[in-house]
Every structure is written in C-alpha cells, then in structure tokens.
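Colleague: I am new to this structure and would love a close look at one part of it. Could you walk me through some of the salt bridges?

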Amino acid sequence: EQHTRNSSGLGELDRVLGGGLVPGSAILIGGDPGAGKSTLLLQVMCHLASSVTALYVTGEESLEQVAMRARRLGLPLEALKLMAETDVHSLLSAATNLRPTIMVIDSIQVMHSSELTAAPGSVSQVRECAAQITRFAKQTNTIVFLVGHVTKDGSLAGPKVLEHMIDCSILLEGGADSRFRTLRGQKNRFGAVNELGVFAMT
C-alpha cells in the first residue's frame with residue numbers, strides 16, 4: 001500500500017518527518033528538558049484535534065498544567081482529549097475505546113507496566129512499554145509520538161533498543177539561552193534524515 005501522509009500543521013515538522021505524519025508510525029522525539037518538546041507537540045495536537053480524534057497523555061504534568069500552557073500559547077483546547085496516566089495498560093485500554101488518530105505519550109520514561117517489578121524509567125520498563133505502545137500503533141493505524149528525555153551526554157535516556165523499535169527518531173536541540181531550536185531527524189523509515197527544521201521561541 002502507498003503511505004498516505006497527514007500534515008501536522010507545522011511545515012518545519014512535516015519536512016523533518018519526510019512530508020508529514022504516516023498512519024501507524026511510532027515517532028520518538030528527544031531533547032533536553034525545557035527544549036520545547038511538549039510545547040511543540042501540544043501545538044500539533046491542538047491543531048489536529050479540530051479535524052481528527054487526538055489524545056495527549058501526560059505522565060509528568062497535571063492536566064491543569066497542560067491546559068495552562070495551551071492557554072498561554074493561545075491554542076484551542078476544546079477538542080483535544082487529555083489524559084494523565086503512567087500505567088501503560090490503563091493508557092492502552094483508554095486508547096482502544098477512544099480510537100484516536102494521533103496520540104502523544106509524554107514521556108516514555110515515566111510509563112510503567114505492572115507485569116514488571118523494575119522501577120519506571122529502567123531499561124526493562126522503557127523497552128516493554130515502548131514495545132506495547134508501538135504494537136498498538138501498528139495494529140490500529142494510530143500515529144504515536146513518544147517523548148524521550150536526553151541524558152547529559154546527549155543520548156536518549158533508556159535503552160538504545162528504543163531506536164530499533166520506532167519508525168522515526170527526531171531530536172529537538174537548542175540552549176536555554178537561545179530563542180532558536182533546531183529539529184533534526186536521526187532515523188526515518190519514511191523519508192530522508194538530512195532535513196533540518198528551525199523554530200523560534202516567541
């Protein structure tokens with residue numbers, strides 16, 4: 001089958017992804033804390049929620065905090081489905097009932113499966129939760145964004161195996177003292193990885 005692509009509403013993001021969002025794809029977006037990953041995805045989700053079912057799952061912030069950020073950015077929040085959850089089984093159960101077209105998991109490091117005794121954020125938990133979410137994306141043709149934190153040495157926290165599971169890995173970079181952020185692809189099964197997106201914090 002030919003891959004159909006949906007626009008994210010942000011031209012810079014679409015270009016880095018190879019032309020838009022592919023149904024059933026799992027996209028990992030990494031970056032330092034405060035780089036703007038959640039802000040960028042919240043803009044995308046609020047834009048898409050007006051035309052498709054969009055689910056934003058936050059495991060690190062309260063629903064009120066996410067709503068406050070959306071209001072500060074002047075984003076329409078009415079149609080977006082928000083959920084505060086860290087248990088991967090509860091999350092996938094809700095997603096199965098809701099059947100979203102696009103879903104954001106913020107972040108994969110705080111998700112956990114009750115089947116494992118390891119702590120959230122451990123290698124086994126991140127790997128198992130990412131595997132279950134990626135499987136759900138493929139089976140239901142859902143576009144899934146996984147937010148991943150970057151460690152001090154610049155590598156993604158959690159197992160390297162994450163990058164083998166997902167279809168696309170992108171990195172949002174930019175120092176706290178700069179108002180510019182660059183988005184670049186590190187892996188992309190649906191396009192080239194030599195594209196660069198530039199964003200300004202306004």
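In which helix do Arg15 and Glu12 lie, and how many residues apart are they?

Modeller: Happy to! Please keep in mind that this is a predicted model. Arg15 and Glu12 both belong to helix α1, which covers residues 11–16. They sit 3 residues apart, about one turn of the helix. Their side chains meet in a salt bridge, with an N to O distance of 3.1 Å. Arg15 is partly exposed, at 34% relative accessibility, and Glu12 is partly exposed too, with a relative accessible area of 24%.

Arg15 also has a salt bridge with Glu195, at 3.4 Å from N to O. Glu195 lies in the loop between β7 (180–188) and β8 (196–200), while Arg15 is in helix α1, so this pair ties together parts that are 180 residues apart in sequence. Glu195 counts as partly exposed, with 31% relative accessibility. Put together, Glu12, Arg15 and Glu195 form a linked network of salt bridges.

If you look across the whole structure, a search finds 6 salt bridges. One that is worth setting beside the network joins Lys138 and Asp167, whose closest N and O atoms are 2.4 Å apart. Lys138 is in helix α5 (residues 123–140) and Asp167 is in the loop between α6 (162–165) and β6 (168–173), so this pair ties together parts that are 29 residues apart in sequence. Here the two partners fall into separate classes: Lys138 is partly exposed, at 39% relative accessible area, whereas Asp167 is buried, at 3%.

Note on methods. Residues are numbered from 1 along each chain as its sequence is written. This is a predicted model: local features need pLDDT of at least 70, side-chain atom pairs count only at pLDDT 80 or more; totals for chains, interfaces and linings use all residues. Side-chain values use heavy atoms; hydrogens and water are left out. A salt bridge is a side-chain nitrogen of Lys or Arg within 4 Å of a carboxyl oxygen of Asp or Glu. Helices (H or I, at least four residues) and strands (E, at least two) are DSSP runs, numbered from the N terminus. Buried means under 20% relative accessible area, exposed over 50%, partly exposed in between (1.4 Å probe, protein chains only).
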